[in-house]
Amino acid sequence: LGGKRSKATTTGRTVSQSTAASDNSEEEEESEAAAHLREAAIAQMAELGLPRSWSELALRRTGGTNIEAAVHFCLERGGEMERLLAEESERERESSGRRRVDRAESTNHLLRQLTEMGFPSRWCAEALAATGNNVDEALTWILTNGERLSAEDEGMEDAVDDGMDDEDDDEDEEDEDDDSQGSLTVEKDGEGTAEGENDKAKERTEIQQGWTGSVIPLRFVSGRSIIDPKDLSISGMERGGFSSVGLKGVMLTSGKWYYEAILETAGCLQIGWADGSFAGHCHAERGDGCGDGPSSWAYDGWRRYRWHSMATEWGCRWEEGDVVGCFVDMDSKVVSFTLNGRGEEIGMGVAFSGNGFRPVGGVYACVSFNRREKLRLILGGSGSAPFKYPPPPGYRGVGEAVLDAVKERDILVAKESVLQIDSESESRSKRFLCDFSDGDH
């Protein structure tokens, strides 16, 4: 009985498919026949001395192929036909103009999206044209063709610089005069300048407290970028692709951990965690970063997504200067994010848990970003600047794990150095060339 039902179902599907195909063919035949009838009607009306434009307009107004009605329409409105044609063409121009405006507005919106990520407008326009205004494909296209586009920009800049050399000489002379006048203004506004210097001094003090550990914990995972060892600020490079940086080598396998990312730009960044196999899935030149594969989990506040192999709409949009708090509970297998210390009340909080978070061999803090983005990390611990928004009790800064690993390494190195000294003293006391008694051969 089951086999008969399946055969009947298959037969029904075949019949429905053939019926649909026949319907399509019948519609095509009917449209072709209608087109032939219209052309025949226009030819007959031309024999009566009616212009083609009048015939087409009359047929459209009277239903398509009724020659007698179309001829009567032309004869009754003989003096108005040119006006009717002009009105119809004007309506078509207005509608086509509205369509062009709508397309231009849509393109401008997509162009703004890409330029906000830090790419030059020329790159964005070329990428949208090449991908049919698909933003995601345009982003991949830019990252793939970044080196070629940069080389073209450099060539154009060199040509412009050659033509501007003479103007620069004149501007230098004017700048010297402006500097002499500006020095007088600075002397008059001494009080305001002193306050500004105090603010800058505070910023410098905070930056100097960024990281004082003996080892710089951040490592390149993919792509190229710039890492400042003093304050742990990270910025993209011109041809670095979608770069990824993290605490690679300090794997967190248990406990609760936290770090903060201060956004100095608010474009395309993906901030979160990666496991031990992430490096094999990450290709900066293809636009792959933290969260783009099965081995990483990230939050993207520019597009309001959470990333793990695929993007899911989640969280709230971030802005320049915001602080992203990144939590991971390796015991309960939960990943959470906050924005400026706020969680569930603004749509943040738990992003991954249960089957959505199954790391391999522990995780480490990881961030990915494009060429124009910049951020600064606060890792916590005695070698780090204090957190802007301290985590709840039970969580430790990932910087503490780094310092623990450094201490363990120093102990191992000390033990190895002692063994090396002992072996060297023994080898000096021996009076034969080599002792193979303890070797494996």
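Axes are lines fitted to C-alpha atoms, for helices over the stretch in contact, and angles run from 0 to 180 degrees between N-to-C directions. The model used in these exercises is predicted.

**Exercise 1. Take stock of the protein.**
State how many helices and strands the protein has, and what share of its residues is buried.

*Solution.*
Step 1. Count the elements. There are 10 helices and 15 strands.
Step 2. Turn to burial. Of the 441 residues, 36% are buried.
Step 3. Look at sequence separation. Take the contacts between residues at least 6 apart in sequence: 61% of them join residues at least 24 apart.

**Exercise 2. Describe the packing of helix 5 and helix 6.**
Find the angle and the distance between their axes, then decide how the two helices lie to each other.

*Solution.*
Step 1. Choose the quantities. Two packed helices are described by the angle between their axes and the distance between the axes.
Step 2. Read them off. Helix 5 covers residues 121-131 and helix 6 covers residues 135-144. Their angle is about 120 degrees, and their axes are 8 Å apart.
Step 3. Apply the cut-offs. Roughly perpendicular runs from 65 to 115 degrees, and roughly antiparallel needs over 145. Helix 5 and helix 6 are therefore oblique.
Step 4. Add the handedness. The crossing of helix 5 with helix 6 is right-handed.
Step 5. Name the residues in the contact. Helix 5 brings Trp123, Cys124, Glu126, Ala127, Leu128, Ala130 and Thr131. Helix 6 brings Glu137, Ala138, Trp141 and Ile142.
Step 6. Sort them by class. This contact of helix 5 with helix 6 has 8 nonpolar, 1 polar and 2 charged residues.

**Exercise 3. Follow helix 2 and its partner.**
Say which residues of helix 2 are buried, and how helix 2 packs with helix 3.

*Solution.*
Step 1. Locate helix 2. It spans residues 52-62.
Step 2. List its buried residues: Trp54, Ser55, Leu57, Ala58 and Leu59.
Step 3. Check Glu56, which is also in helix 2. Glu56 counts as partly exposed because its relative accessibility is 29%. Its C-alpha lies 9.8 Å from that of Met45, and the two are 11 residues apart in sequence.
Step 4. Bring in helix 3, residues 67-76. Helix 2 and helix 3 pack at about 115 degrees, with axes 8 Å apart. Their crossing is right-handed.
Step 5. Name the contact. Trp54, Ala58, Leu59, Arg61 and Thr62 come from helix 2. Ala69, Ala70, Phe73 and Cys74 come from helix 3. By class, the contact of helix 2 with helix 3 has 7 nonpolar, 1 polar and 1 charged residues.
Step 6. Look just past the end of helix 2. Gly63 has a positive phi of about 115 degrees there.

**Exercise 4. Compare the nonpolar cores.**
Give the size of the largest nonpolar core and the residues with the most contacts inside it.

*Solution.*
Step 1. Count. The largest nonpolar core has 72 residues.
Step 2. Pick out those with the most contacts inside it: Tyr259, Ile271, Trp273, Val324 and Phe337.
Step 3. Look elsewhere. Another core lies apart from the largest one and has 15 residues, including Trp54, Ala70, Phe73 and Leu84.

**Exercise 5. Study two positive phi values.**
For Leu232 and Asn340, give phi, then decide whether each residue is buried or partly exposed.

*Solution.*
Step 1. Recall the background. Most residues other than glycine have a negative phi.
Step 2. Take Leu232. Its phi is positive, near 60 degrees. Leu232 sits in the loop between strand 2 (225-227) and strand 3 (233-236). Its relative accessible area is 0%, so Leu232 is buried.
Step 3. Take Asn340. Its phi is positive too, near 55 degrees. Asn340 sits in the loop between strand 11 (334-339) and strand 12 (349-353). Its relative accessible area is 25%, so Asn340 is partly exposed.

**Exercise 6. Find the surroundings of Phe357 and Lys374.**
Place each residue and list its contacts beyond four places in sequence.

*Solution.*
Step 1. Phe357 is in the loop between strand 12 and strand 13 (363-369). Its relative accessible area is 0%, so Phe357 is buried.
Step 2. Its contacts are Trp297, Val328, Met330, Lys333, Val334, Val335, Phe352 and Val363, leaving aside neighbours within four places.
Step 3. Lys374 belongs to strand 14 (residues 374-378). It counts as partly exposed because its relative accessibility is 33%.
Step 4. With neighbours within four places left aside, Lys374 contacts Ser233, Ile234, Ser235, Leu263, Glu264 and Thr265. Along the chain, Lys374 and Ser233 are 141 residues apart, but their C-alpha atoms are separated by 7.2 Å.

Conventions: Residues are numbered from 1 along each chain as its sequence is written. This is a predicted model: local features need pLDDT of at least 70, side-chain atom pairs count only at pLDDT 80 or more; totals for chains, interfaces and linings use all residues. Side-chain values use heavy atoms; hydrogens and water are left out. Helices (H or I, at least four residues) and strands (E, at least two) are DSSP runs, numbered from the N terminus. Angles under 35 degrees count as roughly parallel, over 145 as roughly antiparallel, 65 to 115 as roughly perpendicular and the rest as oblique. A crossing is left-handed if the near helix is turned anticlockwise from the far one by less than a right angle, and right-handed if clockwise. Contact means heavy atoms within 4.5 Å. Ala, Val, Leu, Ile, Met, Phe, Trp, Tyr, Cys and Pro count as nonpolar, Asp, Glu, Lys and Arg as charged, and the others, Gly among them, as polar. A nonpolar core is a set of buried Ala, Val, Leu, Ile, Met, Phe, Trp, Tyr and Cys residues joined through side-chain atoms within 4.5 Å. Buried means under 20% relative accessible area, exposed over 50%, partly exposed in between (1.4 Å probe, protein chains only).
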